[in-house]
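Reader: I'd like to practise reading a model feature by feature. Could you walk me through this one?

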Amino acid sequence: MIHYKEFDNGLKLVINKMEGFVSASAGVLVKTGSFNESEKENGISHFIEHVMFKGTSNRTAFEISDHIDRIGAQINAFTSKEMTCYYTKSTGEHLEKSLEILSDIFFNSTFDPVELEKEKGVIIEEINMSEDTPEELLLDILAESYYGNSGLGQTILGPAKNIKRFTRDDVLNYMDKYYTADNVVISLAGDVDIDRAEKFVEENFAAKFRKTKSAPQVIAGEFQNKNLYKTKSIEQTHIGFAMKGFSMHDDMTDAFSIANTVLGGGMSSRLFQKIREELGLCYSVYSYASQYKDNGILEIYAGVNTEQRDLAVNAIIDEVKRFKKEGITEQEFIRGKEQMKSAFIMGRESTATQMMLYGKYMIYLNKLYDVNERLNKIEKITLDDVRRAIDMSFDIESAATATVGPKRSALKI
């Protein structure tokens with residue numbers, strides 16, 4: 001059973017009561033992430049996500065964790081390009097307690113300057129870890145090569161120099177802009193008493209917002225067509241390509257996703273079979289679609305032997321060109337469509353997946369997710385739809401590229 005409520009101040013609540021489940025997932029989703037940050041702010045959304053857990057007027061940092069552990073629940077958070085999410089998973093009987101703790105960190109965090117300074121060290125080590133993980137580093141550089149150095153092209157973690165500079169006032173000022181009632185969705189899924197949950201959210205969330213209207217959202221960047229590289233003293237060379245895709249609400253998104261699955265979405269994909277299995281040029285190669293509210297890209301990644309970098313690059317380019325020219329077979333289409341259907345069906349068996357699904361749909365599209373409509377859309381996808389999606393994208397000759405490795409040169413297409 002699906003329940004939706006919009007409170008007078010603009011806060012939205014969506015509940016998916018899942019019969020037969022004894023667990024419940026709760027999420028507080030805020031529509032802001034690295035895309036909304038200025039150059040000087042870059043990294044602050046992620047910084048706020050961290051320092052939310054460093055103590056409130058009611059609990060120390062230890063007590064936040066301890067009170068969650070006492071009820072056998074889990075609490076965590078993440079920041080993406082377009083969203084920050086704080087979430088819990090618990091048994092149904094402890095849902096209200098989990099929500100109360102989420103409310104406490106959301107509205108009562110003190111952001112003690114001493115604790116903020118400690119957490120800066122933690123985040124800088126996270127940045128260092130990302131720098132030491134070539135695949136992560138490559139994908140960050142690839143985003144910049146496509147979108148430029150603002151909006152969706154910025155990293156989620158931000159540069160260390162920004163982290164060192166952030167103050168309590170910076171945190172509060174940014175939250176005043178985006179942690180507003182109209183910019184937040186509460187999503188619950190699983191063993192939920194709808195009436196009790198609505199009343200609890202009204203008292204512990206809706207009634208506590210200081211500001212109701214969000215600052216204007218940043219518009220996604222445009223294609224930059226750059227070829228960026230970073231020299232690292234490592235064994236492999238990591239390469240990436242970025243091409244035009246589709247936004248999450250585009251009519252072509254599902255057909256495009258099937259096309260991506262066929263090209264590089266698994267061990268039976270064209271890229272895996274050609275670049276790894278047939279040519280033996282890499283251990284890891286894949287493609288995936290990044291779909292944002294107003295924008296989208298297709299990304300291809302491979303980690304290859306440095307001496308064979310150009311050979312691998314040319315092989316990937318040739319395979320994508322062949323894919324665009326020939327399209328996909330009916331057998332590949334059926335396989336890709338079945339993978340999409342099974343992923344959707346399996347996701348219905350997870351309260352966390354359902355919480356995130358309904359929450360993201362509401363926060364990005366301002367719509368209530370419809371399971372039957374979604375199934376019907378998947379069933380209606382045709383081979384011609386996929387071929388049309390391929391025609392509209394997969395233009396490797398105009399792709400943005402990125403390279404991380406010991407060789408001091410960008411890719412050439």
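Reader: Let's start with the strands. In which sense do β1 and strand β2 pair, and over how many bridges?

Author: Happy to help, and please keep in mind that this is a predicted model. β1 and β2 (residues 12-17) pair in the antiparallel sense, over 5 bridges. To see the register, look at Lys5, which stands opposite Leu13 in β2.

Reader: What is the order of the strands in the open sheet?

Author: The order is β1-β2-β6-β3-β5-β4, making an open sheet of 6 strands with mixed pairing. At its edges are β1 (2-6) and β4 (74-79), each of which pairs on one side only. On average, neighbouring strands of this sheet are turned by 15 degrees against each other, direction ignored. As a general idea for viewing such a sheet, side chains in a regular strand alternate between the two faces.

Reader: Which strands does helix α8 touch, and which strands does α13 lie across?

Author: Helix α8 (residues 194-204) packs on the sheet and touches β1, β2 and β6 (184-190). The direction of α8 makes about 160 degrees with that of β2. As for α13, this helix lies across β1, β2, β3, β4, β5 (84-91) and β6, and runs at about 30 degrees to β3.

Reader: Now a hairpin. How many residues join β9 to β10?

Author: The hairpin connects β9 to β10 through 4 residues. The two strands, β9 (residues 282-291) and β10 (residues 296-305), run antiparallel and are joined by 9 bridges. One pair to find on screen is Ala289 with its bridge partner in β10, Leu298.

Reader: How should I read aromatic pairs, and how many are there by this rule?

Author: The general idea is that a pair of aromatic rings is described by the distance of the centres and the angle of the planes. By this rule the count here comes to 20 aromatic pairs. Take Phe47 and Phe166: their ring centres are 5.5 Å apart and their planes stand at 50 degrees, so this pair is tilted. The pair links distant parts of the chain, with Phe47 in helix α1 and Phe166 in the loop between α6 (160-165) and α7 (168-178), 119 residues apart.

Reader: Are Phe47 and Phe166 buried or exposed?

Author: Both are buried. Elsewhere, Phe53, Tyr86, Phe106, Phe107, Tyr179, Phe205 and Phe209 form one aromatic cluster. A ring can also have a charge over it: the charged end of Lys244 sits over the ring of Phe246, 4.6 Å from its centre.

Reader: Where is Asn42 found, and which residues is Asn42 in contact with?

Author: Asn42 is found in the loop between β3 (23-30) and α1 (44-51). Buried means under 20% relative accessible area, so at 7% Asn42 counts as buried. A polar atom of the Asn42 side chain lies 2.9 Å from the backbone oxygen of Thr155. Leaving aside neighbours within four places in sequence, Asn42 is in contact with residues including Ser34, Glu37, Thr155 and Phe166.

Reader: Last topic: backbone angles. Which phi does Phe111 have, and which does Asn366 have?

Author: In general, most residues other than glycine have a negative phi. Phe111 has a positive phi of about 50 degrees although it is not a glycine. Phe111 lies in the loop between α3 (95-108) and α4 (113-131), and is buried, with a relative accessible area of 4%. Asn366, also not a glycine, has a positive phi of about 55 degrees. Look for Asn366 in the loop between α13 (351-365) and α14 (371-380).

Methods
Residues numbered from 1 in each chain as written. Predicted model: local features only at pLDDT ≥ 70, side-chain atom pairs only at ≥ 80, totals over all residues. Heavy atoms only, no water. Buried < 20%, exposed > 50% of the residue type's maximum accessible area, 1.4 Å probe, protein only. Polar contact = N/O pair within 3.5 Å; in protein donor to acceptor, adjacent residues only side chain to side chain. Contact = heavy atoms within 4.5 Å. Pairing = 2+ DSSP bridges. Phe/Tyr/Trp six-rings, centres within 6.5 Å; stacked < 30°, edge-to-face > 60°. Lys NZ or Arg CZ within 6 Å of the ring centre and 35° of its normal. Axes fitted to C-alpha atoms, helices over the stretch in contact; angles between N-to-C directions.
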